[in-house]
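Student: I would like to understand how the parts of this protein model meet. May I put some questions about its interfaces?

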Amino acid sequence: MANYAHNEVLVSTEWVSQHGADAGVRVVEVDVNTASYAEGHVPGAVGWAWDSQLCDTVRRDIVPKDAFEKLMADSGISNDTTVVLYGDNNNWFAAWAFWQMKVYGHADARLMDGGRVKWLAEGRELSTDTPSPAPASYKASGPDNSIRSFLPQVSAAVESGSVELVDVRSPEEFTGEILSPPGLPETCQRGGHIPGASNIPWVKACAADGTFKSADALRAIYRDAGISGTKPIIAYCRIGERSSHSWFVLKYLLGLDNVTNYDGSWTEWGNLVGAPVSRGA
Amino acid sequence: MKAEHFTVRQFELSGWPVRITSYRIGTTWHAKADNVSPGATIATATGETHWEAVADATEKARKRLAATRRFR
């Protein structure tokens, strides 16, 4: 692994191949396309659906604490289990799951560097068997909202200029040319970005094979975009999963302490009546 | 069981850069189209042949991309 601030939160595909079935380790696949798991997955991996198991299915929110505890227990995960998350789209929703695990205080969560596509590209073993782990006992802590931003905090920060805002969407979404990623439903009323935000698309953090770029390269990307790290950083995207990925990079790979994920993101801000919006680059 | 014949191809479709990732698992070919940046999956398809899966994913992607509005 490259010289990250927290190397312990990343494992390679080779590590998973060697240790994925070890006692005390649980591998979990979380995809954007929830049908991918059924195609074939890392042998022994449990599959979580982001749109039903990692959110509140009634109101808009992250998974409730009691539902999180049940998901962990049903997945055979105890408080001391090493959980290795991976998924498609360079770990978009694996990072979303990682962030929620940290909100609820799970100690040892990791991402498989390169995600599902790297595992496939390397021709590693796949399974279509759905494991039935023995239920475990799980007690969540928190929620730790020090890693999460809500609308009032973001609004106040915009007014005061006291934070560095990082918009991790594509340039076309940032400028307001499009309202959602091409090919996906439009879910906001207005296009553009939060005034003062810097556009640093999440994908800049990834190499061609899906793995994270080196710490030096990542540092240069943020530095060149004007992010100094001297102020608190709020990352946002459209619904909070891409910004979980960038939050992971900033907090764990670069070691910046005061980074939050604004999971309301553009589907909240871009639908507000009277909220300030900037258009263009 | 493994993913075999894993290939990635990038081209323009309805004015957008698109990436098609294809592979075979067992006897089924899989193809996924994403929009390069931001990388969101636009369409997926399966088929009995590589051509069938890729053609189906490409056609589904073309239809969805054509519906994307641009505000300039």
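Tutor: The following exchange treats the contact between the chains and then the contact between two domains. This is a predicted model, in which local features need pLDDT of at least 70 and side-chain atom pairs count only at pLDDT 80 or more, while totals for chains, interfaces and linings use all residues. Residues are numbered from 1 along each chain as its sequence is written, chains are lettered from A and ligands numbered from 1 in the order in which they are written, and side-chain values use heavy atoms, with hydrogens and water left out.

Student: How many residues does each chain give to the contact?

Tutor: Contact means heavy atoms within 4.5 Å. By this rule chain B contributes 24 residues, and chain A contributes 31 residues.

Student: What area is buried between chain A and chain B?

Tutor: Buried area is the accessible area (1.4 Å probe) that two parts lose on being put together, summed over both. Carbon and sulfur atoms give 56% of it here. On the side of chain A, Glu39(A), Glu177(A) and Pro182(A) lose the most area to chain B, together 27% of what that side buries. The area buried between the two chains is about 2,300 Å².

Student: Which residue of chain A forms a salt bridge with Arg70(B)?

Tutor: A salt bridge requires a side-chain nitrogen of Lys or Arg within 4 Å of a carboxyl oxygen of Asp or Glu. Three salt bridges are counted between chain A and chain B. For Arg70(B), the closest N and O atoms are 3.2 Å apart, and the partner is Glu177(A).

Student: Where do the bounds of the domains of chain A lie?

Tutor: The bounds come from an automatic or database domain assignment. The C-alpha centres of domain 1 and domain 2 of chain A are 23 Å apart. Domain 1 covers 7–143, and domain 2 covers 146–269.

Student: What share of the area buried between these domains comes from carbon and sulfur atoms?

Tutor: The area buried between domain 1 and domain 2 of chain A is about 2,000 Å². In domain 1, Arg60(A), Trp92(A) and Trp99(A) lose the most area to domain 2, together 34% of what that side buries. The share from carbon and sulfur atoms is 69%.

Student: Which residue meets Arg148(A) in a salt bridge?

Tutor: Across the interface of domain 1 and domain 2 of chain A, the rule finds one salt bridge. The side chain of Arg148(A) takes part in a salt bridge with an N to O distance of 2.7 Å, and its partner is Asp61(A).
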